[in-house]
Amino acid sequence: MTEHPTSHDGRPTAAQPERSPAEPQGAVQRPAAPPSDASAARPTERHPATARPHPGGPSAAAGPEPEQQGRCESPVDHPQPGGEGPVPGPLPRQAGEGGSAPPAPARLTPLPADPPDSQALARLQRESDRLRFVGAATRRVARGIDLDEIVLGLCRATVPTFADVILVYLRDPLPVGDERPVEPVVLRLRRTDRLPDGRAVQPEGRHPEDGGGPLLSLSADPLPAAELTEVRPGGPLAEVLRGVRPVFGDSPAARAALPELLGAEHPIPDGSRAVLAPLRGRRRVIGAAVFLRRPDRSAFEADDLLVAAQLATHTALGVDKAVLYGREAYIADALQRAMLPDSLPQPTGVRLASRYLPAAESARVGGDWYDAIPLPGSRVALVVGDVMGHSVTSAAIMGQLRTTAQTLAQLDLPPQEVLHHLDEQAQRLGSDRMATCLYAVYDPVAHRIVVANAGHPPPVLLHMGGRAEVLRVPPGAPIGVGGVDFEAVELDAPAGTTLLLYTDGLVESRRRDVWTGIEQLRERLVATSELTGADHPPPLEALCDEVLDMLGPGDRDDDIALLAARFDGIEPSDVAYWYLEAHEQAPAKARRLARSALVRWGLEELTDSLELLVSEVVTNAVRYAERPISLRLLRTDVLRCEVGDDVPQLPRLRHAKPSDEGGRGLYLVNKVARRWGATRLSTGKVVWFELGGAAPRV
């Protein structure tokens, strides 16, 4: 009786038909009798993925182990050559009456490989090329930061690999963030066939001088297209842009939308192939892209629509990113500019120039600042500071400290007192609000400068002979440490010398320490001075540019603030100074002294105006002062008059009533003088005014 094999659950299965030796290789071969020796029991050929040694080896006469009874030896099923289903592995025979062990299961031999299909391989190659192209193109688009970089990146990635021409239209203006877009929708063509300087766009590795016309054109001339297109609500173009997928140019929707986009007077050249893709950003349409191919090139396929969709999606997201980045950069730039002086003052006896460079274009805000503040007596305060960090918080702290320094300067406090109050202000802002600062006051009459330092790099003084000197100023502790006394030093500042105040970003980087950078700065100043000659100091603006040119690659690790001051001073012969007792004869004496000074300087044409204004200002000072008042005249490019007294209250300009006996003096000063003002001092105040038309100094 023939015994049938059983399945895993013990149910009988159909007997496998016996195969002849002529059957194809790889068919299941069933042995007629158990193996008699080790060679017969050894498997013949095994599949690489499933071949493994028999647990029992050649001497396993007792048959398979219990856990292997009633199941296939091979853990996987192999497909039939026809592809209709898996071929089950050989099943073990049941033990006969004699108790003989079942034969070892036969192993499957590998099926012969079918010859490759050339069309299938070509199709797979095209798909692989498309994937590589999309990956490279999207990476190029993602590298862009502003609109021009993103659009130009898309053009360089797609032309001529994917298309021969690409036209990119974006909304004008582009919506920012979650704000409501402006209606109606107006699309503006981004010039994608030319660079901003007019050169033709070239692919990687080519240059405009290599010859050839613009790559993004179907002919020798750029493809004409409408610059502005207004999308009509409910029109064909609006319907296409409302969708999320590109459409072929020969589709009914594109045939109706393309003339509206490009303009009726700018049709697509005959025979060209086109794909119109909407650009959708954050839940709204921001533009459209048109991909064109020459007539002699293969048409776009269905898979190319998927490629165009990917390119359009990444471009739209990149445009959204660029718009957001542009707004943030504008806000940061406006914040930084608002906290720095718009223009430097023009105090008497000193010329000023400045530079500010952020650490990087992606971080335009920082804590560096500079300032020049006019003080009473024709003096000027020069300030440079650096708040730690490169963030909006650092910039906000910098703005508060700069405002505090301006307020303290107007009180005419000594430099060390100014730093002391700045230190207290920084501690009130927070425990980690630290900054360095250098505060200097220049007196053009005395030709002296007083400097106090709070942990800042020392200034450099360039003399007339070309010698550059690093000033020995006590370094002090940074602002915000607290409990530290600041020390001020007074130094000579001869006429013609130049003082450079700077932040550590100019002299310190990862490639050099601060003292090495200071020495390089000093040597650069000496070399620049030698080029202009010992008797002619270098121009101030050119000197600032030369200083910044010392920065090499990798030296821009920090923000840079630079303030340069050229000390001209005021000669003693151009200064007239008197003390007057505070009594009723003081105005008459002041007029007489002022008139004599004008005669000595050859400025008699200013006599009437000067006598009138001096009389009014001195009269107001005598009315309230208890101590002698001071009168000083300074002759520079203008004539400046300063009257000081011991009364701290500042005068205010007001319109006197017809019945008022006083209040008209400052009104006359405001009408006649070129400029005027009043400044509070620690010992009182100074009222000053200027008259134009001073004669050149001899």
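This is a chat about a predicted model, starting with its confidence and moving on to its sheet, cores and cysteines.

Q: Hi! Before I get excited, what's the mean pLDDT of the chain?
A: Hello! The model is predicted, and its chain has a mean pLDDT of 77, with 73% of the residues reaching 70 or more.

Q: And where is confidence lowest and highest?
A: The lowest is helix α1 (residues 38-41), with a mean of 40, and the highest is strand β17 (residues 498-502), at 96.

Q: Over which residues does pLDDT stay under 50?
A: Residues 1-100 are one such stretch, and the model has 100 contacts beyond four places in sequence for them. Residues 193-221 also stay under 50, with 57 contacts of that kind.

Q: OK, on to the sheet. What order do the 6 strands come in?
A: The order is β5-β4-β3-β8-β7-β6, in an open sheet with antiparallel pairing. The edges are β5 (228-230) and β6 (247-248), each of which pairs on one side only.

Q: Let's zoom in on β3. Why is it described as largely enclosed?
A: Strand β3 covers residues 165-171, and 7 of its 7 residues are buried, so the rest of the structure largely encloses it.

Q: Which residues point which way from β3?
A: Val165, Leu167, Tyr169 and Arg171 point one way, while Ile166, Val168 and Leu170 point the other, and all are buried.

Q: How many bridges does β3 make with β8?
A: There are 6, in the antiparallel sense, with β8 spanning residues 285-293. Valine 168, for instance, has alanine 289 of β8 as its bridge partner.

Q: And with β4? How many bridges there?
A: β3 and β4 (residues 186-190) share 4 bridges, also antiparallel. Leucine 170 is partnered with arginine 188, and arginine 171 with leucine 187.

Q: Which strands does helix α5 lie across?
A: Helix α5 (residues 252-262) lies across β3, β4, β5, β6, β7 (273-280) and β8, and runs at about 75° to β7. Helix α6 (residues 302-339) packs on the sheet as well, touching β3, β6, β7 and β8, and its direction makes about 35° with that of β7.

Q: Just before β3 there's a threonine, 161. Is it buried or exposed?
A: Threonine 161 is exposed, with a relative accessible area of 53%. Its place is in the loop between α3 (147-158) and β3.

Q: What is threonine 161 in contact with, leaving aside neighbours within four places in sequence?
A: Its contacts are Phe133 and Arg297. Phenylalanine 133 is 28 residues apart from threonine 161 in sequence, and the C-alpha to C-alpha distance is 8.4 Å.

Q: Changing topic: how many residues are in the largest nonpolar core?
A: That core has 51 residues, and Leu382, Leu419, Leu422 and Phe567 have the most contacts inside it. Apart from it lies another core of 34 residues, including Val134, Leu174, Val176 and Phe300. As a general point, nonpolar side chains tend to be buried together in soluble globular proteins.

Q: Back to Leu422. What does it touch, beyond four places in sequence?
A: Leucine 422 touches Leu401, Thr404, Ala405, Leu408, Cys437 and Ile479.

Q: Cys437 caught my eye. Is it buried or exposed?
A: Cysteine 437 is buried, at a relative accessible area of 0%. Cysteine 544 also counts as buried, at 2% relative accessibility.

Q: Last one: how many disulfides does the structure hold?
A: The structure holds 0 disulfides.

Methods:
Residues are numbered from 1 along each chain as its sequence is written. This is a predicted model: local features need pLDDT of at least 70, side-chain atom pairs count only at pLDDT 80 or more; totals for chains, interfaces and linings use all residues. Side-chain values use heavy atoms; hydrogens and water are left out. A nonpolar core is a set of buried Ala, Val, Leu, Ile, Met, Phe, Trp, Tyr and Cys residues joined through side-chain atoms within 4.5 Å. Buried means under 20% relative accessible area, exposed over 50%, partly exposed in between (1.4 Å probe, protein chains only). Contact means heavy atoms within 4.5 Å. Helices (H or I, at least four residues) and strands (E, at least two) are DSSP runs, numbered from the N terminus. Two strands pair if DSSP finds at least two bridges between them. A disulfide is a pair of cysteine sulfur atoms within 2.5 Å. Axes are lines fitted to C-alpha atoms, for helices over the stretch in contact, and angles run from 0 to 180 degrees between N-to-C directions. pLDDT is the predictor's confidence in each residue, from 0 to 100.
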